[in-house]
Amino acid sequence: MVRSGNKLKRIFSIVPLASAVAWAQGAFAQAPQSVFAPAGPVAQTQLNLLSLTLWIAIGIFVVVGSILLYTVIRFRARPGDPIPKQIQGNTTLEVIWTVIPIIILIVIAVPTVRDAFGLASPPPVDDVLNVRVIGYQWWWAFEYPDLGIVTANELRVPVGKVVNLTLESNDVIHSFWVPRLAGKMDVIPNRVNTMWFVAEEAGIYYGQCAEFCGTSHANMRFRVIAQPENEFHAWVEGRRAVEAFSPANDLVARGQAIFESTGTCFACHNVDGTAANGQVGPDLTDFASRTTIAAGLLANTPENLARWLRDPQAVKPGALMPRLPLSDDDIQALTAFLYSLE
Ligand code: CUA
């Protein structure tokens, strides 16, 4: 009996289990969209809650599992055993297994309620960057109402600043999620949700729509680009300085003419300083400074742009951008135009 008890202790020893969990957390933290690698206070608070609950759950699993396994083996029926002593009820045991869970639930509930209400409240400072997030099938619009700037799929923010978001949807329910910065928030038609986060290190943080929203839900990606304050302001100033666009050469001029001709790009897309002021698709004013196209699907390269212009649905199934009858020359001119939009 004693021997089997020792063996169980070894099998269920908390040490290898704890190392396995720590290893798994470390491995998950390497992934580009990992809640185990928080880069700001909101994500850190949420990870602390998750860790507390996770470790308590692991503890319960080990204790209950060990007792169960021990009991099953130690008290198993053997041939010729008499009927065991019949007992009914045990007040001491019942009090113990009622009180312990109550204590555990209190330990989990107190920080959970505190943080849930804390994070749902407006940000704790007045100096914030306000951004209006609008979800579309299948891309994201980011408007900076105080700066008069609109962009798409790449949300630029200054490092260390509280970013205060209002979230709205143009069509169906989406969910805004940047795992390293903050937990998910639903983006719902006819409703304005709010959330905030801070990015404490410069870098690119991967985001993803986290609510099934149609054919290309999985392709509804975005990035949060956290920059030092001066770089962010340089970008803002650059965007605000856009006046009348003047093409640098004939190819760009031809591209602009195609972009602005009836039934093409300009009906849906806005480009500051040109005749294009469509409000249906992503704003392309700073197209050349984006790192990706097609809502984070492809790196922003001329080859990928040509692929996208030739057949958007082949890149992003269900994409609402129509397949336009563009010749290779047209695509070359459009590409030249788009890459002149810094
Ligand atoms: Cu939008 Cu899923």
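In which elements of the chain is confidence lowest, and in which is it highest? I start there since what we have is a predicted model, and the answer is that the mean pLDDT falls to its lowest, 52, in helix 1, residues 2-11, while strand 6, residues 174-178, has the highest, at 97. Over the chain the average pLDDT is 89, and 96% of the residues score at least 70. Where pLDDT is low, the predicted coordinates should not be read in detail, and I will leave helix 1 aside from here on.

Let me turn to the overall build. The chain has nine helices and twelve strands, and with a radius of gyration of 28 Å, well over the 20 Å that the globule rule gives for 342 residues, it is more spread out than a compact globule. Taken along the principal axes, the C-alpha atoms fill a box of roughly 100 × 45 × 35 Å. As for burial, 39% of the 342 residues of the chain count as buried.

Now to the strands, beginning with strand 5, residues 162-169, which is mostly covered, with seven of its eight residues buried. Strand 5 runs parallel to strand 1, residues 128-136, and eight bridges join the two; in this pairing V133 stands opposite L167 of strand 5. Strand 5 also pairs with strand 8, residues 193-198, this time in the antiparallel sense and over six bridges, and here T166 stands opposite T194 of strand 8.

Why can we say that strand 10, residues 221-227, is largely enclosed by the rest of the structure? The reason is that six of its seven residues are buried. Strand 10 is joined by five bridges to strand 4, residues 154-158, and these two run parallel, with R156 standing opposite I225 of strand 10. Strand 9, residues 203-209, pairs with strand 10 as well, in the antiparallel sense and over six bridges, and in that pairing G203 stands opposite A226 of strand 10.

R156 comes up again when we look at the enclosed space in the model. A search of the whole structure finds one cavity of 30 Å³ or more, and about 30 Å³ of space lies in the largest cavity. R156 lines this cavity together with T151, E154, W235, D286 and R290, and by class that lining has four charged residues, one polar and one nonpolar.

The open space is the last topic. About 630 Å³ of space lies in the largest pocket, which is lined by 37 residues, and of these H269, G281, P282, W308 and M321 lie nearest its centre. Which elements each supply at least two residues of this lining? They are strand 11, at 292-293, helix 7, at 302-310, and helix 9, at 328-338, and the largest share, three residues, comes from helix 7. By class, the lining of the largest pocket has 25 nonpolar residues, eight polar and four charged.

To close, I would keep these points in mind when turning to the model: the chain is more spread out than a compact globule, strand 5 is paired with strand 1 in the parallel sense and with strand 8 in the antiparallel sense, and strand 10 is paired with strand 4 in the parallel sense and with strand 9 in the antiparallel sense.

How values were computed. Residues numbered from 1 in each chain as written. Predicted model: local features only at pLDDT ≥ 70, side-chain atom pairs only at ≥ 80, totals over all residues. Heavy atoms only, no water. pLDDT = per-residue confidence, 0-100. Helix = DSSP H or I, 4+ residues; strand = E, 2+ residues; numbered from the N terminus. 1 Å grid on protein atoms, 1.4 Å probe; cavity = no way out; pocket = protein on both sides within 12 Å on 5 of 7 lines; lining within 4 Å. Points joined across faces, edges and corners; volume = space filled by probe spheres on them. Nonpolar A, V, L, I, M, F, W, Y, C, P; charged D, E, K, R; others polar. Buried < 20%, exposed > 50% of the residue type's maximum accessible area, 1.4 Å probe, protein only. Pairing = 2+ DSSP bridges. Rg over C-alpha atoms; globule rule 2.2 N^0.38 Å.
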